[in-house]
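The following paragraphs offer a guided reading of a single protein chain. The sequence and the model are shown first, and the explanation then proceeds from one region to the next.

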Amino acid sequence: MQNFRDALKQRVILFDGAMGTEIYKRGVYINRSYDEVNLTAPDLVEGIHRAYVDAGADVITTNTFGANRLRLMPFGLEDQHDAINAKGVQLAKAAATDKAWVAGSIGPTGAQLTPIGRISPGEAFKTFKAQATILADEGVDLFVLETFSSVQELWAAVRAVTSVSDKPVVASLTFQPVPASEREAQAEVVLKAVQTMREWSVDAIGTNCSNGPRGILDIVEIMASQTNLPILAMPNAGLPQVVEGRT
């Protein structure tokens, strides 16, 4: 396949869609670690990847969003950290063949950083580095650091990834939907975030999750006014509703 960085300069690149909702649709309830499904139901995960490739995705994302040790710990799965991440890449590569790039997905730790929370930036860095090392060793084509709500934590993840790999990095923040009365204040938050992120040595920045297409478009327009970097726009299909006890 063409080099990802070269393609990024030449055209729009289409990523896959959500993984968690697809796993949920296939009968895996939300009280489980969806990352562990790589080990317990690998055919299910690979099948989702293949469906996205067949639908025309240029990039498929590994099922490793929550596979850092801090997020695996509440499930008692921290000792399976390496196996879960390695299998996640293997399943994605098996589905991608030579038709799509494989992006190693890294999400936040799930805990707030000090001084507000209990996780230090150094501990977050070590956590992300451990995960990134496995993903890099298994041969991902790029990294997607996604759904981060804290610029500080996202920076720890960027530093961790770039300390173990020279593969492309996409850094993405999430912003909660706000009413019209609060959009000006949110715009200021987005502006400040982009002004920080554009100084990092990453290949693209962007926003994903939390918002539907309209909300993501508003944020992307602000981002585009502040940087020449390629921008990731990965909205939710819409905002979830609970119907008869099912999300």
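In the second largest pocket of this predicted model, strand 6 provides the largest share of the lining, namely 4 residues. The lining of this pocket comprises 15 residues, and those nearest its centre are Ile13, Phe15, Ile231, Leu232 and Ala233. Two elements, helix 1 (4-10) and strand 6, give two or more residues each to this lining. The space within the second largest pocket amounts to about 280 Å³. In terms of residue class, its lining holds 13 nonpolar and 2 charged residues, with no polar ones.

Strand 6 itself spans residues 231-234, and its two faces are unlike in their surroundings: Leu232 and Met234 form a covered face, whereas Ile231 and Ala233 form an uncovered one. This division follows a familiar principle, because side chains in a regular strand alternate between the two faces of the sheet. Strand 6 is paired with strand 5 (residues 204-208) in the parallel sense, over 4 bridges. Within this pairing, Leu232 of strand 6 is the bridge partner of Gly206. Between strand 5 and strand 6 the chain passes through helix 10 (residues 213-224), and the resulting β-α-β crossover is right-handed.

The wider setting of these strands is an open sheet. The sheet has 6 strands in the order 1-2-3-4-5-6, and their pairing is parallel. Its edges are strand 1 (59-61) and strand 6, each of which pairs on one side only. On average, neighbouring strands in this sheet are turned by 25° against each other when direction is ignored.

From the edge at strand 1, the sheet can be followed inward. Strand 1 runs parallel to strand 2 (residues 101-106), and 3 bridges join the two. Two of the residue pairs can be named: Ile60 has Val102 of strand 2 as its bridge partner, and Thr61 has Ala103 of strand 2.

How many of the 6 residues of strand 2 are buried? The count is 6 of the 6, so strand 2 is largely enclosed by the rest of the structure. Both of its faces are covered, with Trp101, Ala103 and Ser105 buried on one side and Val102, Gly104 and Ile106 buried on the other. Strand 6, by comparison, has an uncovered face, made up of Ile231 and Ala233.

Strand 2 continues the sheet towards strand 3, to which it is joined by 4 bridges in a parallel arrangement. Here Leu145 in strand 3 is the bridge partner of Ile106. The connection from strand 2 to strand 3 runs through helix 7, and this β-α-β crossover is also right-handed. In the loop between strand 2 and helix 7 (121-137) lies Pro115. The peptide bond that joins Thr114 and Pro115 is cis, with an omega of about 10°.

Two further residues deserve attention for their backbone geometry. Thr147, which is not a glycine, has a positive phi of about 65°. This residue lies in strand 3. Thr147 has a relative accessible area of 18%, and it therefore counts as buried, the cut-off being under 20%. Cys209 likewise is not a glycine and has a positive phi of about 65°. Its position is in the loop between strand 5 and helix 10. Because its relative accessibility is 26%, Cys209 counts as partly exposed.

Cys209 also leads to the largest pocket of the model, since it is among the residues that lie nearest the centre of that pocket, together with Met19, Gly20, Thr21 and Phe65. The lining of the largest pocket consists of 44 residues, and about 1,500 Å³ of space lies within this pocket. Helix 2 (20-25), helix 5 (69-72) and strand 3 (142-148) each contribute at least two residues to the lining. Of the contributing elements, helix 2 gives the most, with 5 residues. The lining of the largest pocket includes 20 nonpolar, 17 polar and 7 charged residues, whereas the lining of the second largest pocket has no polar residues.

Note on methods: Residues are numbered from 1 along each chain as its sequence is written. This is a predicted model: local features need pLDDT of at least 70, side-chain atom pairs count only at pLDDT 80 or more; totals for chains, interfaces and linings use all residues. Side-chain values use heavy atoms; hydrogens and water are left out. Buried means under 20% relative accessible area, exposed over 50%, partly exposed in between (1.4 Å probe, protein chains only). Two strands pair if DSSP finds at least two bridges between them. A crossover is right-handed if, with the strands pointing away from the viewer, the path from the first strand over the helix to the second runs clockwise. On a 1 Å grid over the protein atoms alone, a cavity is a set of points where a 1.4 Å probe fits but cannot get out, and a pocket is an open set with protein on both sides within 12 Å along at least five of seven lines; lining residues have an atom within 4 Å of a point. Grid points are joined across faces, edges and corners, and a volume is the space filled by probe spheres set on the points. Ala, Val, Leu, Ile, Met, Phe, Trp, Tyr, Cys and Pro count as nonpolar, Asp, Glu, Lys and Arg as charged, and the others, Gly among them, as polar. Axes are lines fitted to C-alpha atoms, for helices over the stretch in contact, and angles run from 0 to 180 degrees between N-to-C directions.
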